[in-house]
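Work through the exercises below with the sequence and the 3D structure at hand. Each task is followed by a solution in steps.

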Amino acid sequence: MTAQFALAHPAAATGQCPVAHGASEHGVPTKNHGYAPFAMTDPFPSYAALRENEPVMFDEELGYFIVSRYDDVKATFDNWQVFSSENAQAPVRPRGAAATTIMNDGGFTAYSGLSARIPPEHTRLRAIVQKEFTPRRYKKLEPTIRENTARLLTQMLSHPDARGDFLKDVAVDIPTITILGLLGVGPEMVATYKKWSDSRAAMTWGDLTDDEQIPHAHNLVDYWTECLRLVKNAHDQLENNENGDNLVFDLVQAQSTGSEISDHEIASVCYSLLFAGHETTTTLISNTIRELLAHPAEWQKLIDDPSRIPTAIDETLRFSPSIVGWRRKALEDTEIGGVKIPAGSNILLLMGSANRDPGTFEQPETFDINRVNARNHLSFGFGIHYCLGNMLAKMQDKIVVEETLKAAPGLRLIDAEKIEFGDNLSFRAPTSVPVTWGENK
Ligand code: HEM
C-alpha cells in the first residue's frame, strides 16, 4: 500500500531522486533493494542489501531517507542539534478529513510527552519526568510483576490441549498491568488501554486508508480524555490531602512545589507512557521467548545457567528489536554517510539494520546469547532521547524469562516459520507466539 503515500520530499516531488538507485549484477535496477517499509515479517535480507548497496537511500514512495549502517544511525541519533526528533510521532500517513473532524470535535490536543519534543522544552520536561524512573520505584514493582507472571503462566499451562499463545496468554498483560499501576489505573482496564494503544500505533505508524482511520480516531479521543481525567483526579487527591502513590500524582505534586510542567504536559506524558510503557515491552517479552525457543541450544544454556538471562535479553534486543526504525528531521542542509541531505528532509533510522551491521557485530545474523557486545544495540535509541523506560522493560522481561524457565523448561514453539508480524513502519511485533509443553511426538 505504500504507493498511496504522498511524496513528502522536495526532490521526490520533482521526480529526481537525490541518490542513485542500486542495480543488480545483471544491470536491472533493484527497486529499493527489496526494502518494503511496512512489511515486518522478514525485513532483514532487505536491510543487508541496503547496508551493502545504498546505506543512505531516498525512498521515493515514503518520502524518507533510509539510513541502515550502524555508525550512521548512531551518529544521527547523537546529533540532535542537526537532526531533530520533532517528526518522531507525526502520522506517517496523512490524517483523513473524517478522522480529523472526529479528533477536533472530541477535543484531541495530545502531544508527545518527550520523544518528539526538542530542547530546551525537552530538557526541561525530561529532567522532571526522569526523577520518577528510579530503581526504588522498580524494586517496589518487582513482587507484583513476579506474582502476575506466575499466575499467567499457571493459567496458560492449565490449557487442556497443552497449547498456548505466549503473546496473548502472558506477554500482553505483564507490562500493561505494570504501566497502568505506575499511572494509578487498575488492571481491569488492560483491555481498554490495549485497544487505545493499538489505535495509536496504527494511526501514527500504520498505513491506513481514510475510512480505516475512523474507529481509531474515536479511540484516540477516548484515550486523551482519559489522560486529562487522570491529571484532574491527581489534582483532586492533592487537594483532599490524599496520597495518590503513582506517577501522575507525583508530577502534579511536583508542579505544586514549583516544577515547571503544565497540566497539558502531564497529560501528554501519560498519553506517551500509557503507550510506550507496554507496547514495546510486550514485544520484547514475546521476542525473547520466541528467539530462545527457536534456538533450543540457547534456551538450554539458560536452563543450565540463568545468570545469563540479561545478556540473552540484550541479544534479543539486538537481533529482534521491538522498534526497527525511528524518525528524525534534518534542520539544515547536511549529509549522512557522504550523501547530501537537504534541510527539511525526513529520515528513517533503521536500528533493526544497524543492529546487524557486520562492521559492529561479528556474525550478526547469528542469535548468540554469549555475544560480548550485544548491549551496543541501538534498539533504545541513543543520545538525549535514549529510552527512559529501558531498565523497567528489561526488568520485566528478566522476570518473565526466569519464571518461564522454572515453570515450563520444556516449552517449544509451534510452527515457528509461520509466525507473522503486523504491518508497521516502526514497530515489529509478532501477531502470536504459539507454544506447546506437551509430549514430543
Ligand atoms: C523493549 C521496550 C522498549 C523499547 C524497545 C523502547 C524504545 C524506545 C526508543 C527507540 C525511543 C526513542 C529514542 C530516541 O529517539 O533516541 C524511546 C524513548 C522513550 N521511551 Fe522507550 N522503549 C521501551 C520501553 C519503554 C518503557 C517500558 C517506557 C516507560 C515506562 C518507555 C518510555 C520511553 C520514553 C518516555 C521515551 C522518550 C524519551 C525522550 O524523548 O527523552 N520506553 N524508547
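**Exercise 1. Find the element that contributes most to the lining of the largest cavity, then describe that cavity.**

Solution. The element is α12, which gives 5 residues to the lining, the most of any. Helices (H or I, at least four residues) and strands (E, at least two) are DSSP runs, numbered from the N terminus. The model is predicted, so local features need pLDDT of at least 70 and side-chain atom pairs count only at pLDDT 80 or more, while totals for chains, interfaces and linings use all residues. Residues are numbered from 1 along each chain as its sequence is written, and side-chain values use heavy atoms, with hydrogens and water left out.

Step 1: fix the terms. On a 1 Å grid over the protein atoms alone, a cavity is a set of points where a 1.4 Å probe fits but cannot get out; a pocket is an open set with protein on both sides within 12 Å along at least five of seven lines; lining residues have an atom within 4 Å of a point. Grid points are joined across faces, edges and corners, and a volume is the space filled by probe spheres set on the points.

Step 2: count and size. There is 1 cavity of 30 Å³ or more, and the largest cavity holds about 800 Å³ of space.

Step 3: locate the cavity. Its lining has 41 residues, and those closest to the centre are S115, A276, C387, L388 and G389. Two or more lining residues come from each of α5 (121–129), α9 (190–205), α12 (263–276), α13 (279–294), β5 (325–330) and α17 (390–407).

Step 4: classify the lining. It has 23 nonpolar, 14 polar and 4 charged residues. Here Ala, Val, Leu, Ile, Met, Phe, Trp, Tyr, Cys and Pro count as nonpolar, Asp, Glu, Lys and Arg as charged, and the others, Gly among them, as polar.

**Exercise 2. State the volume and the lining of the largest pocket and of the second largest pocket.**

Solution. Step 1: the largest pocket has a volume of about 670 Å³. Of its 33 lining residues, G422, D423, N424, F427 and A429 are the closest to the centre. The elements α7 (166–171), α9 and α13 each give two or more residues to this lining. By class, the lining divides into 14 nonpolar, 10 polar and 9 charged residues.

Step 2: the second largest pocket has a volume of about 360 Å³. It is lined by 13 residues, and R137, K140, L182, D245 and N246 are the closest to its centre. Two or more lining residues come from each of α6 (135–157) and α8 (173–182), and α6 has the largest share, 4 residues. The classes here are 2 nonpolar, 4 polar and 7 charged.

**Exercise 3. Give the strand order and pairing of the open sheet of 5 strands and of the open sheet of 3 strands.**

Solution. Step 1: recall the rule. Strands of a sheet pair through backbone hydrogen bonds, either parallel or antiparallel. Two strands pair if DSSP finds at least two bridges between them.

Step 2: the sheet of 5 strands has the order β1-β2-β8-β5-β3, with mixed pairing. Its edge strands, β1 (56–59) and β3 (83–84), each pair on one side only. Strands β2 (64–67) and β8 (346–350) run parallel and are joined by 4 bridges; V67 stands opposite L349 in β8.

Step 3: add the helix. Helix α3 (70–78) packs on this sheet and touches β1, β2, β3, β5 and β8 (contact means heavy atoms within 4.5 Å). The direction of α3 makes about 125° with that of β8. Axes are lines fitted to C-alpha atoms, for helices over the stretch in contact, and angles run from 0 to 180 degrees between N-to-C directions.

Step 4: the sheet of 3 strands has the order β4-β10-β9, with antiparallel pairing. The edge strands are β4 (163–165) and β9 (412–413). Between β4 and β10 (434–436) there are 3 bridges, and G164 has V435 as its bridge partner.

**Exercise 4. Which peptide bond is cis, and which residue has a positive phi although it is not a glycine?**

Solution. Step 1: the bond from P119 to P120 is cis, with omega near 5°. P120 lies in the loop between α4 (97–105) and α5.

Step 2: H33 has a positive phi of about 55°. H33 lies in the loop between α1 (10–13) and α2 (44–53).
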